[in-house]
Amino acid sequence: MRAVRNTDQGIVVAEADEPEAPGVRLTVAATGICGTDVNFATGGVQGYTYGHEFAGTAPDGRCYAVEPTVYCGECDQCRAGHVQRCAAPEHGTLGIFRDGGMCDAVTVAENMLVPLPDGLDVRDACLVEPASVAWHGVRSAALTPGERVAVVGGGSIGLLAAAATRQRGSDVDIEVRHKHQRIAAERLEVGSAEGVYDVVIDAAGSETGLARCAELTRPGGRVVLLGVYQHTIPIPGVVSLVKELTYVHSIAYSRHDGIRDTEQAAALLAGDPTIAQTVITHRFPLDEAAEAFRVAGDRASGAIKVVLHP
């Protein structure tokens, strides 16, 4: 079968063995290219099939998104629902340093399957994973009625965080860099950031973006960190101290009261098809993976979420 891997020559579609691991076999319908994928490819990370945002169809015809977290289910963090904090050595994520879903078919553990609700097409369901990241971040903000929320960063996570905030009943604005991101925000009925906010969500993952988050947050407010920082987080010192800001860290997705963030993210997307129609801007066949990665890495190309279809 075909699988997208990184090589010394860049991203290629290589021949790979058919999946034989125990679990449920999915014929992959769609895989999203994440910013992490682009960064890893640019940085020369090799040795596995890319893709942690994917969805597919089981042999019985049922369609699923995949929650790609590998966890033990037995440590104290897993038992509390925080599978993203699993303490076991095998903890990790499909598509990140181990084979993922950017291929024709994959076998996954049954506990990774997220049934698709009515209204969510399997070709759009690769958005469930990033939408779950956004949903978990918004939930981690512990919003109270009447609080104003802003998002800094107009990529897929930022727009999905804004959509999740609206669905949870809070007013939300967003600050973006590119014209196509503003058009997307307006389509999702999200305004431009202005004034100060009780909660600001960092979806930019940059020093300038985080500084802007601190600037937009009211004294005593909260900044939720959804941006990924590989090394030191550049928290602006003086403004954070003077305002006594609280920084809330958020990673991946978990469970609460027996409900998975991934299930709620799937419901969010099913309930408003405009979200997927807006966030997914480019679709490529799997054989054109190299070009898809190029477009996904070009912030001025008009791309928000680039999706591969086998």
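**Reading strands and helices in a predicted model**

Me: This is a predicted model. To start, how many residues lie between E1 and E2 in their hairpin?

Reply: E1 and E2 form a hairpin with 2 residues between them. In general, strands of a sheet pair through backbone hydrogen bonds, either parallel or antiparallel. Here, strand E1 (residues 2-7) pairs with strand E2 (residues 10-15) in the antiparallel sense, over 6 bridges. To find your place, look for Thr7, which stands opposite Gly10 in E2.

Me: Okay, now the sheet with 6 strands: in what order do they run, and is the pairing parallel or antiparallel?

Reply: Remember the general idea: in a regular strand the side chains alternate between the two faces of the sheet. This one is an open sheet, ordered E12-E11-E10-E13-E14-E15, and its pairing is parallel. Strands E12 (191-192) and E15 (246-249) are at the edges with a single partner strand each, so one side of each has no neighbour in the sheet. Further in, try E10 (residues 149-152) and E13 (residues 197-202), which pair in the parallel sense over 4 bridges. Val149 has Val199 as its bridge partner in E13.

Me: And helices? At what angle do H3 and H8 pack?

Reply: Helix H3 (residues 128-140) and helix H8 (residues 261-271) pack at about 110°, and their axes are 8 Å apart. Angles from 65 to 115 degrees count as roughly perpendicular, so H3 is roughly perpendicular to H8.

Me: Which residues of H3 and H8 make the contact?

Reply: Among them are Trp135 and Arg139 of H3, along with Asp261 and Leu268 of H8. Sorted by class, the contact has 7 nonpolar, 4 polar and 2 charged residues.

Note on methods. Residues are numbered from 1 along each chain as its sequence is written. This is a predicted model: local features need pLDDT of at least 70, side-chain atom pairs count only at pLDDT 80 or more; totals for chains, interfaces and linings use all residues. Side-chain values use heavy atoms; hydrogens and water are left out. Two strands pair if DSSP finds at least two bridges between them. Axes are lines fitted to C-alpha atoms, for helices over the stretch in contact, and angles run from 0 to 180 degrees between N-to-C directions. Angles under 35 degrees count as roughly parallel, over 145 as roughly antiparallel, 65 to 115 as roughly perpendicular and the rest as oblique. Contact means heavy atoms within 4.5 Å. Ala, Val, Leu, Ile, Met, Phe, Trp, Tyr, Cys and Pro count as nonpolar, Asp, Glu, Lys and Arg as charged, and the others, Gly among them, as polar.
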